[in-house]
Amino acid sequence: MQSKRDGCVGDYNNHMTDLVTNIRERYLQTLEQIEKSARKSNRNPQDIRLVVVTKSQPVEVAQAAIEAGVKILGENYPEEGVMKIQSLVAQSGVEWHMIGHVQSRKARLIADHFALLHSLDSLKLAQRLDRFAAEQNRILPVLLEFNVGGEETKSGWEVSDESAIHKILPDIQTILDLPNLRVRGLMTMPPLGTDAEDSRRFFQSLRLVRDQLALHYPQADWRELSMGTSADYTVAVEEGATLVRVGTAIVGARKYKSEKEAE
């Protein structure tokens, strides 16, 4: 006779099998859409990497994503991300990226645990990350976050006005000189509620900022553009994204702990 425990284990295994299957199907569909958008804009699909966002999802979803073949996972909250990394330490072959806003006091978690920070948004944070990365004897790759929509609620250097680029050059130079950080490119988020086609101009703006910075600092590496989410990643690819951050379209709706977190 099957015990209650055996039944629970069987139910869990069936649940995980279904979860892996569903995530794999949506993951491959997203990769296909990325390839189509890349070829539409005469780009090599191999130049675009897909970051599957598992913020506010339970550990089992991240585990299922890894088993489904996902290569890069993105987290928004440092403590939650580190918990998942440590819970899935036996799972090899996956990169963990921090894509959300990072408070300076949590910089050590990023320097200790993540392969890439998409959202470096201040000189203060950069200096703390550099110090903690030095303690780990590592070079931390980072992307500079830019607020191209001029929103007061958004993090990042504000460059909605083209003339603003000159105001931020001292910060950029200081960050480029930090020995334990390596700038790899830029990141942005369009204004909330913007539909896919309306996002295009914000993606174009980020690309123009990147091109201007490349002229000022040709010795630096500006190859990466992190832009595009579930709602607009195909447009982002058409506009030059090399990293797209897709969560809901692959792993489903987020499991928020509270209404406040869902805002």
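Start by selecting helix α6 (residues 165–176) and helix α7 (residues 196–216) in this predicted model. Their axes come within 12 Å and cross at roughly 60 degrees. At that angle α6 and α7 are therefore oblique to each other, since the roughly parallel class is kept for angles under 35 degrees and the roughly perpendicular one begins at 65. Turn the view until you look through both helices, and you can check the hand: α6 and α7 make a right-handed crossing.

Now show side chains where the two helices touch. On α6, pick I165, H166, L169 and I172; on α7, pick V209, Q212, L213 and H216. Colour this contact of α6 with α7 by class and you will find five nonpolar and three polar residues, with no charged ones.

Keep α6 on screen and add helix α5 (residues 123–135). How do the axes of α5 and α6 cross? They do so at roughly 5 degrees, coming within 10 Å. That makes α5 roughly parallel to α6, because the angle falls under the 35 degrees set for that class.

For the residues that meet here, select L123, A126 and Q127 in α5, then D171, T174 and I175 in α6. By class, the contact of α5 with α6 has three nonpolar residues, two polar and one charged.

So far the stops have been helix pairs; next comes an empty space. Go to the second largest pocket, which holds about 250 Å³. To centre the view, select L31, P45, Q46, I48 and R49: among the 13 lining residues, these are the closest to the middle of the pocket.

Which elements give two or more residues to this lining? Highlight α1 (4–40) and β1 (49–53) to see them. Helix α1 gives the most, with six residues in the lining of the second largest pocket.

For a last look, colour the lining of this pocket by residue class. Seven of its residues are nonpolar, five are charged and one is polar. Then flip back to the pair you began with, where the contact of α6 with α7 has no charged residues, and to α5 with α6, where the contact has one.

Notes
Residues are numbered from 1 along each chain as its sequence is written. This is a predicted model: local features need pLDDT of at least 70, side-chain atom pairs count only at pLDDT 80 or more; totals for chains, interfaces and linings use all residues. Side-chain values use heavy atoms; hydrogens and water are left out. On a 1 Å grid over the protein atoms alone, a cavity is a set of points where a 1.4 Å probe fits but cannot get out, and a pocket is an open set with protein on both sides within 12 Å along at least five of seven lines; lining residues have an atom within 4 Å of a point. Grid points are joined across faces, edges and corners, and a volume is the space filled by probe spheres set on the points. Helices (H or I, at least four residues) and strands (E, at least two) are DSSP runs, numbered from the N terminus. Ala, Val, Leu, Ile, Met, Phe, Trp, Tyr, Cys and Pro count as nonpolar, Asp, Glu, Lys and Arg as charged, and the others, Gly among them, as polar. Axes are lines fitted to C-alpha atoms, for helices over the stretch in contact, and angles run from 0 to 180 degrees between N-to-C directions. Angles under 35 degrees count as roughly parallel, over 145 as roughly antiparallel, 65 to 115 as roughly perpendicular and the rest as oblique. A crossing is left-handed if the near helix is turned anticlockwise from the far one by less than a right angle, and right-handed if clockwise. Contact means heavy atoms within 4.5 Å.
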